[in-house]
Amino acid sequence: MTTGKNYKKIIVLGGDGFCGWPTSLRLSRLGHEVIMIDNLSRRRIDEESGTNSLTPIQPVDMRLRAWEEVSGNQIRFHHIDIAEEYDRLLSAICEEKPDVIIHFAEQRSAPYSMKSSVLKRYTVSNNVNATHHVLCAIVESGLDIHLIHLGTMGVYGYGSEGVRIPEGYLDIEVKTDKGDRVHQQILYPTNPGSVYHMTKSLDQLLFHYYNKNDRLRITDLHQGIVWGTHTPETQADERLINRFDYDGDYGTVLNRFLMQAAVGHPITVHGTGGQTRAFIHIQDSVRCLQLAVDHPPELGDRVLIMNQMTETRRVIDLARMVSRLTGSEIAFVSNPRKEAAENELHVDNHKFIAKGLVPVTLNEGLMMEVNEIAQKYAYRTDYLKIPARSTWTKEQQPGEIQRPYVDNFK
């Protein structure tokens, strides 16, 4: 392991997941000492749901062994459920004395969080307890640790009413009883659209409190929808391949579209497709985490909030792009979510750009790369898992194909 003043000891919570795994590899390759902590719950959810990654994911010990063989760097691993095993988490932090903790260890699917009261309660219990335990453990350890958390753009909701969503804080003016005008900055109001997004909103309040009360150094990254699968590190060996979720609960929209096209399934658009969302490629997601490690807030600074996204697109426009590239038809399905049929979304992301991020935007080369991955592993597809069957209200019905959609792209 390379050592020196620019290299840090980093604990990655949830390091076995879709974003945590490539981030762990990138930081290890750069010379940082990386320790992964995970309870492997994402693998358990696959087993319970009867789903699996389209790409074949190796057991965690084989993954880590392959990385050491390929890179010469060792990533150590602790199997800890941080939402349930606080004492073990605290012991690991006190023993390792990390400079940085990166927190991915939350149930990350909005549809999964809305499937039943059981999973709603699990998502709240797991996510909120995990975050609070990390904060308590940092305080109890007495160590000066920079906490980086992967949040979501979804805390803001998906309607900006023409206003550019700022990076965390909103300038307001309040009129006092005496008629004086007081200028303040407050956290941008949250508007969660699912139980999952609600837990990320609660995270934000926890960070605000522990930063104010205990002077913890915290960076909260509000991330857009991630697409793509490969990073240079995960391509180094077949055993290092990243997850590719395509099911209705965990598959992100563009990856789902590309996978559907690869296996000859209609591209399923929920509702009108007029929903506008923020997007980021997995390579940029990893790069943003790297930049967050390199640029910590100073002790005493308020929570640093950055919008981790590179562009916004309408869902129907993404479907048309994939259809043009692959020749696949588009099919509308009923929208299982309780949301506006169409929305605008304007987002400020200047902080990462100022720190040196050169965004990877949607392009045909990378989209076809994802399509080729899907084609390669198409034999692993379970077609019954493609439809989104989790609904937000009792009145809604699971998304089934309603009609084919023919578009002349004019």
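Let me start with the crossing of helices H8 and H12, which is right-handed. I should say at once that this is a predicted model. H8 covers residues 253-262 and H12 covers residues 364-376. The two pack at an angle of about 55°, and their axes lie 8 Å apart. What do we call that arrangement of H8 and H12, then? Roughly parallel takes an angle under 35 degrees, and roughly perpendicular takes 65 to 115. H8 and H12 are therefore oblique to each other.

Who makes the contact? From H8 we have Leu254, Asn255, Leu258, Met259, Ala261 and Ala262. From H12 come Met367, Val370, Asn371, Ala374 and Gln375. Sorted by class, this contact has 8 nonpolar residues, 3 polar ones and no charged ones. Here a general point helps: an α-helix has 3.6 residues a turn, so residues three or four places apart point the same way. Keep that in mind when you look at the numbering on the H12 side, with Met367, Val370, Asn371 and Ala374 among the residues in contact.

After H12 the chain goes into a loop that leads to strand E17, residues 401-405, and Arg389 is found in that loop. Is Arg389 buried or exposed? Neither: buried would need under 20% and exposed over 50%. Arg389 has 40% relative accessibility, so it counts as partly exposed. Its C-alpha atom is 43 Å from that of Lys8, and the two residues are 381 apart along the chain.

Next, the sheet of 7 strands. It is open, the pairing is parallel, and the order is E3-E2-E1-E4-E5-E9-E13. At the edges are E3, residues 76-79, and E13, residues 304-308, each of which pairs on one side only. From one strand to the next, the twist averages 20°.

Look at E4 within this sheet. E1 and E4 run parallel and are joined by 4 bridges. Two of the residue pairs are Ile10 with Val100 in E4, and Leu13 with His103 in E4. On the other pairing, E4 and strand E5, residues 146-152, also run parallel with 4 bridges. There His103 has His149 of E5 as its bridge partner. So much for the pairing; what about the faces of E4? Both are covered. Val100 and Ile102 are on one side, Ile101 and His103 are on the other, and all of them are buried.

Now helix H1, residues 20-29. How many of its residues are buried? The count is 9 of 10, so the helix is largely enclosed by the rest of the structure. The buried ones are Gly20, Trp21, Pro22, Thr23, Ser24, Leu25, Arg26, Leu27 and Ser28. Their cover includes strands E1, E2 and E4, together with helices H3 and H9. Just after H1, Gly31 takes a positive phi of about 110°.

H1 also has a helix partner in H3. These two pack at an angle of about 25°, with axes 12 Å apart. H1 and H3 are therefore roughly parallel to each other. Their crossing is right-handed. On the H1 side, Trp21, Leu25, Ser28 and Arg29 take part, and they meet Arg63, Leu64 and Trp67 of H3. By class that gives 4 nonpolar, 1 polar and 2 charged residues.

There is a second sheet to mention. It is open, with 3 strands in the order E10-E12-E14 and mixed pairing. E10, residues 225-227, and E14, residues 311-314, stand at the edges. Each has a single partner strand, so one side of each is left without a neighbour in the sheet. On average, neighbouring strands here are turned by 45° against each other, ignoring direction. E12, residues 276-281, pairs with E14 in the antiparallel sense over 4 bridges. One of the residue pairs is Ala278 with Thr312 in E14. As a reminder, strands of a sheet pair through backbone hydrogen bonds, either parallel or antiparallel.

Last, one residue in strand E8, residues 181-187: Ile186. At 30% relative accessibility, Ile186 counts as partly exposed. Setting aside residues up to four places away in sequence, Ile186 touches Gly168, Tyr169, Leu170 and Ile172. Met153 is 33 residues away along the chain, and the C-alpha atoms of Ile186 and Met153 are separated by 17 Å.

Notes
Residues are numbered from 1 along each chain as its sequence is written. This is a predicted model: local features need pLDDT of at least 70, side-chain atom pairs count only at pLDDT 80 or more; totals for chains, interfaces and linings use all residues. Side-chain values use heavy atoms; hydrogens and water are left out. Axes are lines fitted to C-alpha atoms, for helices over the stretch in contact, and angles run from 0 to 180 degrees between N-to-C directions. Angles under 35 degrees count as roughly parallel, over 145 as roughly antiparallel, 65 to 115 as roughly perpendicular and the rest as oblique. A crossing is left-handed if the near helix is turned anticlockwise from the far one by less than a right angle, and right-handed if clockwise. Contact means heavy atoms within 4.5 Å. Ala, Val, Leu, Ile, Met, Phe, Trp, Tyr, Cys and Pro count as nonpolar, Asp, Glu, Lys and Arg as charged, and the others, Gly among them, as polar. Buried means under 20% relative accessible area, exposed over 50%, partly exposed in between (1.4 Å probe, protein chains only). Two strands pair if DSSP finds at least two bridges between them.
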